[in-house]
Amino acid sequence: MNLPELQEILENFHIITNLDIAIIDKDFRVLVRRHSGMEFCTYIHKNPKCLEKCIASDNIQMRSANESRGLVKYICPFGIYEAIAPIVKNAEVVAYIFLSMGIAKDDAEDVTLTTALDYSADFDESTLSKYINRIPHYSREKLDACAELLPVIAGYIQSKNLLYDTEQSLGQMIKDYVKNNIDKKITLSDLSY
């Protein structure tokens, strides 16, 4: 994997759009990401039911992108606009570009709050509200325009073969994986992939 070039692509996209973007493999492991840390998602993911709901939703969208071999735009169960585009090699989806965008300006934030509170009484409503207020708000046109760039980026990554670098050592691949997944529980089976 050409990690420096992939990181540069994601960083440049983030500078232009201020959106969180990641490349994940087909097993939903983060390969590389540019994450500004949407606090709302970090907070609700501490609740196993919320995390499970988010992962289930993302897996459904990954399957849809896999089947269509194209861009999928959707709203997560908690009201965040997201998009996913497949990266294909030899007619097989090998990874996805995942974009977490924010809330459309005309959408009601109380839907996000109510949905999160429905999943856990353990959430502090004032903390949730604070994090919801920090979620970026964009016009639907901007959200759609940013999402439409994902297939272009996926095509570039495919054409440059940036996900496959036969020169990279096993040690470097493990180091890169740990660095990009430091906020998750990492198992030996994850590292053996």
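**Notebook: the nonpolar cores and Thr 17**

I looked up the largest nonpolar core of this predicted model; it has 31 residues, of which Ile 23, Ile 87, Ile 97, Leu 99, Ile 157 and Leu 163 touch the most other members. I take a nonpolar core as a set of buried Ala, Val, Leu, Ile, Met, Phe, Trp, Tyr and Cys residues joined through side-chain atoms within 4.5 Å. Buried means under 20% relative accessible area, with a 1.4 Å probe and protein chains only.

I noted that at least two residues of this core come from each of α1 (3-17), β1 (20-25), β2 (30-34), β4 (81-89), β5 (92-104), α6 (140-148) and α7 (150-160). Strand β5 gives the largest share, six residues. Helices (H or I, at least four residues) and strands (E, at least two) are DSSP runs, numbered from the N terminus.

I noted a further core of 17 residues, apart from this one, including Ile 44, Cys 50, Phe 78 and Tyr 131.

I then turned to Thr 17, which lies in helix α1. Thr 17 is buried, at a relative accessible area of 4%. Its side chain reaches the backbone oxygen of Phe 13 at 2.8 Å and the backbone nitrogen of Leu 19 at 3.2 Å. Neighbours within four places in sequence aside, Thr 17 is in contact (heavy atoms within 4.5 Å) with Tyr 138, Lys 142 and Cys 146.

On method, residues are numbered from 1 along each chain as its sequence is written. Local features need pLDDT of at least 70, side-chain atom pairs count only at pLDDT 80 or more, and totals for chains, interfaces and linings use all residues, while side-chain values use heavy atoms, leaving out hydrogens and water.

Terms used: Buried means under 20% relative accessible area, exposed over 50%, partly exposed in between (1.4 Å probe, protein chains only). A polar contact is a pair of N or O atoms within 3.5 Å; within protein, one must be able to donate a hydrogen and the other to accept it, and residues adjacent in sequence count only if both atoms are side-chain atoms.
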